[in-house]
Amino acid sequence: MSDLTRDLDALRIEREPERTGVARWIVWTGLLILLAALGLAGWRWAMRERPVEVQVATVSVRAAGTQAAVLNASGYVTARRRATVSSKITGKVVEVDVEEGKNVVQGQVLARLDDSTPKAALALAEAQAEAARRGLRENEVRLDQARLAERRAAQLLQDRIVSQSQLDQAKADADSIDAHIAALKEQIRVAERQIEVQQTDLTNYVIRAPFSGVAISKDAQPGEMVSPVSAGGGFTRTGICTIVDMHSLEIEVDVNESYINRVRPAQHVSALLDAYPDWQFPSDVIAVVPTADRLKATVLVRIGFEQLDPRILPDMGVKVTFLRDPDQEAAPAAQPTTLVPKVAVITDTGNNFAFVIMGDSVERRAVKVGGSDGDRVEVLAGLRSGERVVVSPPPDLRDGSKVMVK
């Protein structure tokens, strides 16, 4: 064992104390440098310029000869001829001959009410008139007999067979019958007028369409009571159906009174239905209603369609663009005009500028603006078609700032 121990001791390498200390110093120095580099990299990453999220719009060009917009608004399609058809009297519905969505023509029967009572009253008036006519014929016969008796009495008086008083009595009887005949004739005329009244009342039990159109609602059913006024709580209907004349459709728009000076009768309008956003149809201003709504500070404008279409329905939402009249176009408008959204142009101390996207950063560029075109503004200088500009720039956006498009 001692020999083995001596052999192992002979193989052990003796380390120099100086060299071991130098190696440890090199290792610690490297670690410190590495930590310093990592800290510097972390500080630079934390302090880096973060891109600003922005929304952009593309600079567009309005073709030469195209009418510019002067105002945008929204409204609804309305019908000038629209009626909830009701009856002139209160009665029970026995028949309804209309359905929603069906076309009706003027004078078409829409519903019938229970007419048993007016029919009985009409029959009574006709019977009274007939009784008066028969009484008239009877009295006419009696009048002929009385006149004959009067003439005989007059002849007998000449022969001194009867007295003057007998002749006077015969004449009085004839005159009485004649007066009774006149009264019966008047009664007949009254009975005939009563028949006409009952016939007119009977027609009120038949409800007809006042004009041609389309039924958009059916408000009553057989067995229900209808009345021209609300009566009987919620158990009495006030209408049979609602009819709309589809040829009377137009647009009603509330325009802010601050911009009503941009609207005039016969002005061209481009309309766009919310239900068909890709379909524009030309229209014209019919009239500007000469009164303002003091609560909403708006003025009602009526707009008519140049051509109606079956897809246009009452109460549809519509967006309209009032166009500038051709004679109001300025001379530069004959050339293509550059347009950008109004919210992309910033005004600072009387100067206008916009932020243009340049790669991953923005460039603040001075622009010269002209007139407005709805929600856009005409750019006379500073921008080119196809460039992208920042919409509603954030307050902290600066020239050269990094940006990220939303």
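## Basis of the model

Helices (H or I, at least four residues) and strands (E, at least two) are DSSP runs, numbered from the N terminus. This is a predicted model, in which local features need pLDDT of at least 70 and side-chain atom pairs count only at pLDDT 80 or more, while totals for chains, interfaces and linings use all residues. Residues are numbered from 1 along each chain as its sequence is written, and side-chain values use heavy atoms, with hydrogens and water left out.

## Ser248 and its surroundings

Ser248 sits in the loop that joins strand S12 (241-244) to strand S13 (249-256), and this residue is buried, with a relative accessible area of 12%, where buried means under 20%, exposed over 50% and partly exposed in between (1.4 Å probe, protein chains only).

A polar atom of the Ser248 side chain lies 3.1 Å from the backbone nitrogen of Arg81, and a polar atom of that side chain lies 2.7 Å from the backbone oxygen of Asp245. Leaving aside residues up to four places away in sequence, Ser248 touches Thr78, Ala79, Arg80 and Arg81, contact being heavy atoms within 4.5 Å.

## Nonpolar cores

A nonpolar core is a set of buried Ala, Val, Leu, Ile, Met, Phe, Trp, Tyr and Cys residues joined through side-chain atoms within 4.5 Å. The largest one has 25 residues, and Ile251 is among those with the most contacts inside it; its largest share, 5 residues, comes from S3. Residues touched by Ile251 include Tyr76, Phe281 and Val320.

## Whole protein

The protein has 4 helices and 25 strands, and buried residues make up 33% of its 406 residues.

Definitions and conventions. Polar contact = N/O pair within 3.5 Å; in protein donor to acceptor, adjacent residues only side chain to side chain.
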